[in-house]
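Me: Hey, could you walk me through this one? I haven't looked at it before.

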Amino acid sequence: MGLLTGALPDFPWDTLAPYGARARAHPGGIVDLSVGTPVDPTPPLIRAALAEAADAHGYPLTHGTPELRQAVVDWFARRRGVPGLDPQAVLPTVGSKELVALLPALLGLGDGDVVVHPATAYPTYDVGARMAGATPLPADDVAAWGDAPVRLVWLNSPGNPDGTVRSVEQLRAVVDAARAVGAVVASDECYAELAWEEPWTTDGVPSILDPRVSGGDPTGLLAVYSLSKQSNLAGYRAAFVAGDPRLVGSLLEIRKHAGMIVPAPVQAAMTVALGDDTHVDAQRAVYRVRREVLRAAVTGAGLVVDGSQAGLYLWARPAGEPVDCWTTVGRLAERGVLVAPGAFYGAAAAHHVRIALTATDERVAEAARRLLGPLDSSGPAGRG
Ligand SMILES: Cc1ncc(COP(=O)(O)O)c(C=O)c1O
């Protein structure tokens, strides 16, 4: 019997463990900027909604309560420039990672099908393609698809790890190319509320369902969104997918069969979270300050920040000649600062490191102090 794990890459985080040990040995303790897990409290109004819904004796709706689906529709209209979404075409998911991993299989893809994902990417797009028996194709440019039998195209804007945002025109070009070959476009937009640079701070980060992108027709398009980051809800597993009513209907059918249901109290909490912009604005302000402190420290320590216009990471590399990402990880670990190597995100990223903004103000200040403090001959990120 062939085990599915045989088709999957090794879990990369294990290889970071020795650097974590080195960083933990720092007298001031580790500053862990390697993972993007929220560290601030879940807002009280969301916790109250969860507690209020704690009596959940019956099975929840796989499709989500009408209130939750309407809250998603209202959020798209209010925050994402997507008016008139069909509430039938909304489906909650148990966080978005499971959907990313399972979507190729849920769409019926398999041997001989190609799943395109960004060249430098969150690893789960690749994993999901492999789990379905399909072939992953890392490519940013539609020209790279060639004659490949592309069935699904993943977009991730703002991107993890590099924080780049795709414009309406760039999204539209991918949608046109995908429609020309009958491929589905799934757009993972979980950092959309965390924009730092113009024009995205003013205009908002475009969604795949924006009528300027979709032409007002969601056919073949799915937007994937998560409340983990914007609302400090990673532990709730609170996310949704929305878009093409036929595709969402088909996902719903399978998920009903398989019992893939968001718990009722989490559905209630999501409904409240999506209706409240105040806590999202407050959280964004917290991250903005952390980002500025870290950015100044990182550049002061001789690194260059690329992309990173939005999202929860600084995508950085030493100035000048390319340096292998593990060397930079090691030098920062000597300072007790743990970051993620670009190699986790694809071959094209071997010279970058990903520095997460998800640490407390105290730890971020400590990281800045260490990065800007007196250096040895090479410096923490230096070339020595
Ligand atoms: C690009 C991207 N997609 C999806 C996820 C998964 O988020 P969650 O499963 O918490 O909804 C993450 C988490 O880091 C991410 O960075």
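Reply: Sure, let's start in the middle of a sheet: Val 116 stands opposite Val 153 in β5. This is a predicted model, where local features need pLDDT of at least 70, side-chain atom pairs count only at pLDDT 80 or more, and totals for chains, interfaces and linings use all residues. Residues are numbered from 1 along each chain as its sequence is written, and side-chain values use heavy atoms, with hydrogens and water left out.

Me: In what sense do β3 and β5 pair?

Reply: Parallel, over 3 bridges. Two strands pair if DSSP finds at least two bridges between them. Strands here are DSSP runs (E, at least two residues) and helices are too (H or I, at least four), numbered from the N terminus.

Me: And which way do the side chains of β3 point?

Reply: Val 114 and Val 116 go one way, Val 115 and His 117 the other, and all are buried. Buried means under 20% relative accessible area, with exposed over 50% and partly exposed in between (1.4 Å probe, protein chains only).

Me: What about β3 and β4, how do they pair?

Reply: In the parallel sense, over 4 bridges. Val 115 has Pro 136 as its bridge partner in β4. Between the two strands the chain passes through helix α5 (residues 124–131), in a right-handed β-α-β crossover. Right-handed means that, with the strands pointing away from the viewer, the path from the first strand over the helix to the second runs clockwise.

Me: What's the strand order in the whole sheet?

Reply: The sheet is open, with 7 strands in the order β2-β8-β7-β6-β5-β3-β4 and mixed pairing. β2 (90–94) and β4 (135–138) stand at the edges with a single partner strand each, so one side of each has no neighbour in the sheet.

Me: Where's the antiparallel part?

Reply: One such pair is β7 (residues 221–226) with β8 (residues 238–243), over 5 bridges. Val 224 has Val 241 as its bridge partner in β8. Helix α9 (residues 245–258) packs on the sheet, touching β2, β6, β7 and β8, and its direction makes about 45° with that of β2. Contact means heavy atoms within 4.5 Å; axes are lines fitted to C-alpha atoms, for helices over the stretch in contact, and angles run from 0 to 180 degrees between N-to-C directions.

Me: Switching topic: how many aromatic pairs are there?

Reply: The structure holds 13. Trp 75 and Tyr 225 make a tilted one, 4.3 Å centre to centre with 40° between the planes. Rings of Phe, Tyr and Trp (its six-membered ring) pair if their centres lie within 6.5 Å; planes under 30 degrees apart count as stacked, over 60 as edge-to-face and the rest as tilted.

Me: Which parts does that pair tie together?

Reply: Trp 75 is in helix α3 (residues 66–79) and Tyr 225 in strand β7, so the pair joins parts that are 150 residues apart in sequence. Trp 75 counts as buried at 1% relative accessibility, and Tyr 225 is buried with a relative accessible area of 1%.

Me: Which residues touch the most others in the largest nonpolar core?

Reply: Of its 49 residues, those are Phe 76, Val 153, Ile 208, Leu 209, Leu 227 and Phe 240. A nonpolar core is a set of buried Ala, Val, Leu, Ile, Met, Phe, Trp, Tyr and Cys residues joined through side-chain atoms within 4.5 Å. Apart from it lies another core, of 42 residues, including Leu 16 and Tyr 191.
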